[in-house]
Structures are given as C-alpha cells and as structure tokens.
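Colleague: I have this protein open on my screen and would love a guided close look at a single part of it. Could you pick one helix and walk me through its surroundings?

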Amino acid sequence: MIDRPRHTLRLTDASPPTADLVIVGGGIVGAATAFFAARAGLDAVLLEKRPALATLTTPVSTGAFRLQFDNPEEIALVREGVELFERFADVADLPGYDIGLQRQGYLFCTTSELGMRRQHEWVQAQRTWGLDDVEVLSGDEVRYRFPHIGPRVLQARYRGADGWLKPRALALGYAIASGATVCVDSPAIGFERQGDRVVGVRTPRGTIACREVVLAAGPFSEQVAAMAGLKISLRPTRRQKLVIPDLPQVPQDAPMTIHEESVAHWRPALRGAYALWTDPDAPPMDPLDAVPPDPSFAFELLDPASPRALAQVSPFWADVAASGGPDWILQAGQYEYTPDHKPYLGPSAVPGLHLNCGYSGHGIMASAGGSRLVVDLITGRADPATNPFRPDRPLTERPLDIL
Ligand SMILES: Cc1cc2nc3c(=O)[nH]c(=O)nc-3n(C[C@H](O)[C@H](O)[C@H](O)COP(=O)(O)OP(=O)(O)OC[C@H]3O[C@@H](n4cnc5c(N)ncnc54)[C@H](O)[C@@H]3O)c2cc1C
C-alpha cells in the first residue's frame with residue numbers, strides 16, 4: 001500500500017526502469033488512461049513532455065459535455081463519462097474533490113425554417129438511439145424558459161442534463177487517483193522494438209521497458225506514432241476560445257447557448273462567459289506547442305453586425321458591445337480531427353502500441369469512455385470485434401459536427 005497524502009500526484013524525477021504500461025501524453029486523455037489502468041491493476045507510467053500535466057489542449061477547452069450527437073456510438077461513449085463525472089469524488093476515492101460539474105444544459109437555437117426541420121429529424125433519430133430527453137421548444141417556449149434568448153430564434157433543441165466541468169480539475173483528478181508514476185519534462189523520443197513489437201519507450205532520462213504503450217499525445221499523436229513506424233491520419237486544426245470574465249450581463253444560470261446557423265456559442269464561466277465559434281474553413285496545420293490566437297475571432301463574435309455575432313441569439317451581447325465591449329482574453333489550441341471525426345481507440349498495427357487519440361474536439365467529454373475502452377481492450381475485457389472506434393475501421397469522410 002502506498003502511503004501518499006491525499007490529492008497529490010506521484011511525481012518522479014527519475015525514469016522508472018519498467019512498467020506494465022507507459023502512457024505517452026499527460027493531457028486529460030493520458031490521465032484518464034492512467035486512471036482506468038490503475039483500476040485494472042496495471043502499473044502505469046504517465047509521460048508528459050511539458051513541465052506540468054494537462055497544459056496543452058486540455059485547459060483551452062470549454063469543458064463541456066453533451067449527449068446530443070448524431071450517432072449512437074458517440075452518445076454511448078460520452079454517456080459513460082457523464083455517469084463517472086457525477087460521482088467522480090466517490091469513484092476516484094478522493095473525498096471532497098471538485099471537478100466543477102454544472103448541468104445547465106445545451107440549447108441549440110435555430111433561426112431558419114430549414115434548421116427547424118433538421119432539428120426535428122435530429123431529435124427523432126436520437127430517440128431511436130435511446131436518447132429520449134431532448135426537448136424541441138418553440139421560439140416562445142425558449143424565450144419563456146430562457147429570457148436571454150432573442151426574437152430571431154424560431155425553435156431550439158434542449159437537453160437539460162448536458163453541461164460542463166473544469167477540464168484541468170478532472171484531468172488532475174484522474175492522474176492523482178490513478179497513483180501512476182508521473183514523469184513531467186519527459187518526452188517520449190523513440191521506441192524500443194523486439195521484432196515488430198514495441199517493448200519500451202525512450203526518454204532523455206532513460207528507457208522504460210514495458211509490455212504495452214498507449215499513445216495519448218493529443219495533436220502530436222501522428223508525430224509520435226511515426227516514431228514507431230505507424231502512420232495515422234490526424235489533422236490538427238486551430239480552435240479558439242474567448243474568455244470574458246466578470247461580465248454582469250451574462251446570466252450565470254444559462255445553458256450552453258448555440259446558434260446552429262452561425263455556430264457561435266457561449267456558456268457562463270468566471271462570472272462572465274466563454275464564447276466560441278467553429279470555423280469550418282480552418283485549414284489543418286502542424287501540431288504546435290504554442291498555437292497563435294487571432295484577434296479577428298473575438299471581433300467576429302462580439303460585433304453585433306458580424307455573421308458570427310453572439311447577439312443574433314442572445315441580444316444582451318449587443319448591449320455589451322454598445323457599452324464599449326468586454327475585457328477579454330483569447331486562448332488557442334488544436335482539435336485533432338480524424339477523417340470521420342471519431343477517435344482512434346485500441347490496438348494499432350504495431351503490436352504493443354495502442355491508440356487513444358483523434359478525439360476531434362470531444363476529448364474532455366469522451367475521455368472516460370474512450371480510456372476505459374482502451375484499457376479493457378488491453379486487458380482482454382472488451383471484445384475488439386465490437387469496438388466501433390478501432391483504428392483500422394474504414395475511414396469515411398464525415399461532415400463537420402458544428403462544435
Ligand atoms: C477551443 C477548444 C474548445 C474545446 N472544447 C471542448 C469541450 O467543450 N468539450 C470537449 O470534450 N472537448 C473540447 N475540446 C477538445 C479537448 O480539449 C481535447 O479533445 C482534449 O483536451 C484532448 O486531450 P488530450 O489529452 O488528448 O490532448 P492534450 O491535452 O493536448 O494532451 C496531450 C499531451 O501530450 C503531450 N505530448 C505530446 N508529445 C509528447 C511526447 N513525445 N512525449 C510526451 N508527451 C507528449 C503534450 O505535451 C500534451 O500535454 C476543445 C478544444 C479546443 C481547442
């Protein structure tokens with residue numbers, strides 16, 4: 001039994017000589033992998049190249065989760081995580097640990113007739129997949145329940161049990177609860193092979209011999225896979241988040257409020273809001289350790305005349321602009337898109353190397369379901385034949401999900 005103070009990481013400066021499992025990448029997905037590895041009785045080492053865990057993509061995220069997906073596989077993947085988030089402190093045995101869970105719902109608003117039809121079709125399909133608590137609200141119903149919604153909204157689909165959490169708190173909670181050995185400032189720089197099989201991970205501090213490796217390097221996963229001679233398709237793409245603290249006009253009890261047509265959306269945060277939009281034309285780029293933000297992203301959201309204006313759905317944003325605009329901070333990170341925008345989960349073509357990456361913008365909400373599945377595939381508790389996210393599935397291009 002390890003005698004460790006509660007709520008602390010098991011950090012080491014040394015390179016452990018052996019492990020059952022080495023996890024490359026200490027973002028939320030690597031940390032979740034460590035969490036489920038510990039529950040499966042595996043001795044895991046979590047390798048992170050930066051000086052601290054969960055400091056690349058994970059903290060840039062909005063931390064939101066929803067079951068409103070367009071396919072049953074991702075609904076199931078996220079549902080599993082939400083069940084864990086609800087009971088995280090108990091399941092992780094971290095009494096009092098707070099991941100900042102807020103279930104204030106996701107409200108997708110439409111301002112077009114076409115959007116209204118699509119919403120009905122979408123919700124109908126979700127019901128056939130067992131997701132039966134998404135409501136379709138008329139414009140007047142939306143405004144009655146959510147007074148911040150303006151007159152242009154014709155209809156909305158709403159699920160009150162969706163919400164958000166603090167992504168870094170969850171990531172660190174996974175890592176702490178795992179009891180895994182955590183090595184920061186420790187990039188994986190190569191792999192040891194025995195024949196085809198990966199049997200160790202090289203770091204500047206030494207080589208860790210291991211039975212299995214999980215690749216969870218977020219936008220860098222394609223590069224790290226290439227070090228093992230494995231080719232995977234990932235398209236890191238810039239995504240930005242506007243942080244607007246302390247803005248009294250923002251109703252703090254509002255749901256995630258999304259305009260389907262412009263993809264502009266916001267949610268309450270920091271006594272103000274996080275605001276975003278997804279640029280469908282953003283080109284793929286190399287993975288970056290520092291993603292440069294572009295201020296035009298902020299102006300497009302805040303200018304009431306812009307086609308991306310938040311004010312189209314929530315008119316109080318026009319009042320905010322009229323009074324000179326809010327103080328804001330812009331953050332940028334990368335979605336790592338796969339061709340079908342679903343993650344790669346499970347064994348790769350290189351024996352001993354397992355993928356847990358390609359979350360395509362959903363790595364907070366899907367971190368638990370995805371990582372549990374990857375670990376269960378390693379231990380033989382999950383059947384590879386029924387894994388819809390297996391990395392060797394036929395990859396068909398899929399239209400961009402709006403968030
Ligand atoms: C603006 C924005 C908003 C988002 N909003 C949401 C949201 O609301 N909900 C949601 O579910 N998702 C959201 N996402 C997506 C989510 O943030 C990611 O899917 C998630 O953080 C991916 O986690 P990760 O651990 O795979 O990657 P990361 O957090 O990037 O972690 C990967 C880690 O691997 C490390 N690494 C790389 N190479 C090596 C190496 N050779 N050796 C060791 N370590 C290495 C990196 O330093 C990094 O720390 C958003 C993303 C962005 C950019």
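**Helix α1 and its surroundings**

Modeller: Happy to. Let's start beside the helix, at Leu-46, which touches Ile-23, Gly-26, Gly-30, Ala-31, Ala-34, Ala-175, Ala-180, Val-182 and Cys-183, leaving aside residues up to four places away in sequence. Please keep in mind that this is a predicted model.

Three of those partners, Gly-30, Ala-31 and Ala-34, are among the buried residues of α1. The helix runs over residues 28-39. With twelve residues at 1.5 Å each, α1 should span 16 Å, and its end C-alpha atoms are 17 Å apart, which agrees. After α1 comes Gly-41, with a positive phi near 80 degrees.

How much of the helix is hidden? Ten of the twelve residues of α1 are buried, so the rest of the structure largely encloses it. The buried ones are Ile-28, Val-29, Gly-30, Ala-31, Ala-32, Thr-33, Ala-34, Phe-35, Phe-36 and Ala-37. Their cover includes the strands β2 (18-24), β3 (44-47), β12 (206-215) and β19 (353-357), together with the helices α6 (167-178) and α10 (367-379).

Now step back to the nonpolar core. The largest one has 91 residues, and those that touch the most other members are Val-22, Val-24, Ala-31, Leu-46, Ala-175 and Leu-215. The largest share of this core comes from α1, with eight residues. Domain 1 (10-66 + 167-234 + 339-386) and domain 2 (104-161 + 236-337) both give residues to this core, so it lies between them. There is also a second, separate core of 20 residues, which includes Ala-264, Ala-273, Tyr-274 and Trp-277.

The helix also has a part in the surroundings of the ligand: α1, β13 (235-244) and β17 (329-337) each supply at least two residues of that shell. Of the 40 residues around the ligand, the ones that come nearest are Gly-25, Gly-27, Ser-61, Gly-218 and Gly-363. By class, the shell has 19 nonpolar, 16 polar and five charged residues. Since domain 1 and domain 2 both give residues to the shell, it lies between them.

Finally, a word on those two domains. The C-alpha centres of domain 1 and domain 2 lie 31 Å apart. Their contact takes 17 residues from domain 1 and 17 residues from domain 2. On the domain 1 side, the touching residues divide into seven nonpolar, nine polar and one charged.

Terms used:
Residues are numbered from 1 along each chain as its sequence is written. This is a predicted model: local features need pLDDT of at least 70, side-chain atom pairs count only at pLDDT 80 or more; totals for chains, interfaces and linings use all residues. Helices (H or I, at least four residues) and strands (E, at least two) are DSSP runs, numbered from the N terminus. The expected span of a helix is 1.5 Å times one less than its number of residues. Two residues are in contact if their C-beta atoms, placed from the backbone, lie within 7 Å. A nonpolar core is a set of buried Ala, Val, Leu, Ile, Met, Phe, Trp, Tyr and Cys residues joined through C-beta atoms within 7 Å. Domain bounds come from an automatic or database domain assignment. A residue is near a molecule or strand if its C-beta atom, placed from the backbone, lies within 6 Å of it. Ala, Val, Leu, Ile, Met, Phe, Trp, Tyr, Cys and Pro count as nonpolar, Asp, Glu, Lys and Arg as charged, and the others, Gly among them, as polar.
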